[in-house]
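User: Hi! I'm new to this one, could you walk me through it?
Analyst: Happy to. Let's put it on screen.

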There are 2 protein chains.
Amino acid sequence: MSFAEHAIAVLREKGYKVTRPRRQVIEAIGRAEGAMSPGDIGKMMGEGGRHLDQVTIYRVINLLCSLNLVHRVFSQGGYVRCDLLEEEGCHRFLICRGCGSLQEFRDEALCRQESEAARKLGFRAEHHVTESSGLCRDCRD
Amino acid sequence: MSFAEHAIAVLREKGYKVTRPRRQVIEAIGRAEGAMSPGDIGKMMGEGGRHLDQVTIYRVINLLCSLNLVHRVFSQGGYVRCDLLEEEGCHRFLICRGCGSLQEFRDEALCRQESEAARKLGFRAEHHVTESSGLCRDCRD
DNA sequence: GTTGGTGCAAAGGATTTGCAACTTG
DNA sequence: CAAGTTGCAAATCCTTTGCACCAAC
């Protein structure tokens, strides 16, 4: 099942309407290799498909975020589809500075150690986000 | 040596002029417990000390960032002083959702494991940032 | 047919730029 | 004194809000 199919199924399941603008944003984010800002999505619509109002894009992105279908990438100021089905737990991003592509993953052991390091400093960590930059397999050579 | 003293020494050393606005911003960030946005700093100046132009605040913050004297806190949209003297390597933030206070630390072992996890996915990580939210010692009770 | 969603207009912030006047070293 | 900095004005960009119209269920 593709990201778009999954996202649309979730919308239906939660009682949200499946509209043309929502499909368009979902497909744009689903196809993107890296993070997309609301502006990026707007420009892409302007060229290819049918025009989408900028305000609508913001609203759709907010909805998708609240459903954990996309995540905000802080260091890039954009959003990416979330391919991890588990809704809980922390997520980590690998962001290629060569091609801008982005990979998300989870690692329970790292999460635990991160929390443990915080605990030693008297801090009770509840949630954390990590963003790594570097070079992906294709850009290393 | 306080943060402000250290920051001013670095400015001098790198050939930047030590002006009143720069002192003011450095002292504001140095005194703050948590992250401060450019707007926060502007408001604080309006009340206490002498007024500072918003544009100047942006420019001073950019300078301090480029010198690694302050770091951007993504999840908060603000900036904090960096207390770690080593300029290299990754940094981690503990951000209290109770009082908003912020603590920065380094952990070599975590850094290595983070990189190792990336490597297993074919990614060569060069740098990473982690922000954890939770409760600090004082807010846990 | 209802309810929720979209598009438009407009407001509100945040951030950047150009340039003349000023201050530091 | 010269070079680097600041303050102001204004431009630009990003994001949100209110409301009438429209489309999905």
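Analyst: One definition before we start: copies are superposed by least squares on the C-alpha atoms of residues with pLDDT of at least 70 in both. This is a predicted model, in which local features need pLDDT of at least 70, side-chain atom pairs count only at pLDDT 80 or more, and totals for chains, interfaces and linings use all residues. Residues are numbered from 1 along each chain as its sequence is written, chains are lettered from A and ligands numbered from 1 in the order in which they are written, and side-chain values use heavy atoms, with hydrogens and water left out.

User: Which residue of chain B comes closest to the rotation axis?
Analyst: That is B:Thr130, whose C-alpha lies 2.2 Å from the axis.

User: And what rotation superposes chain B on chain A?
Analyst: A rotation of 178° with 0.0 Å of shift along its axis, giving an RMSD of 0.3 Å. That is how a two-fold axis relates two copies. Both copies use the same surface, as 100% of the contact residues of chain B recur in chain A (contact means heavy atoms within 4.5 Å).

User: What is chain A built from?
Analyst: Chain A has five helices and five strands. Helices (H or I, at least four residues) and strands (E, at least two) are DSSP runs, numbered from the N terminus. In order from the N terminus, the elements of chain A are α-α-α-α-β-β-β-β-α-β. The C-alpha trace of chain A spans about 55 × 45 × 30 Å along its principal axes.

User: Switching to the DNA: which residues come nearest to strand C?
Analyst: Among the 16 residues around DNA strand C, the nearest are A:Lys17, A:Thr19, A:Thr56, B:Lys17 and B:Tyr58. A residue is near a molecule or strand if one of its heavy atoms lies within 4 Å of it. Of the atoms of DNA strand C within 4 Å of the protein, 62% are sugar and phosphate.

User: What does B:Tyr58 sit next to there?
Analyst: A polar side-chain atom of B:Tyr58 is 2.2 Å from a phosphate oxygen of DNA strand C. B:Val18 has a backbone N or O atom 3.1 Å from a phosphate oxygen of that strand. With B:Lys17, a polar side-chain atom lies 2.8 Å from a base oxygen of DNA strand C.

User: And which residues come nearest to strand D?
Analyst: For DNA strand D they are A:Tyr58, B:Lys17, B:Thr19, B:Thr56 and B:Arg59, out of 16 residues around the strand. In the side chain of A:Tyr58, an N or O atom is 2.3 Å from a phosphate oxygen of DNA strand D. B:Arg59 has a side-chain N or O atom 2.9 Å from a base oxygen of DNA strand D. Helix 4 of chain A, together with helix 2 and helix 4 of chain B, each give two or more residues to the surface near this strand.

User: How do helix 2 and helix 4 of chain B pack?
Analyst: They pack at an angle of about 70°, with their axes 10 Å apart. Axes are lines fitted to C-alpha atoms, for helices over the stretch in contact, and angles run from 0 to 180 degrees between N-to-C directions. So helix 2 of chain B is roughly perpendicular to helix 4 of chain B, a label for angles of 65 to 115 degrees.

User: Which residues meet there?
Analyst: Helix 2 of chain B brings B:Pro21, B:Arg22, B:Val25 and B:Ile26, and among those they meet in helix 4 of chain B are B:Ile57, B:Val60 and B:Leu64.

Notes. Polar contact = N/O pair within 3.5 Å; in protein donor to acceptor, adjacent residues only side chain to side chain. Parallel < 35°, antiparallel > 145°, perpendicular 65-115°, else oblique.
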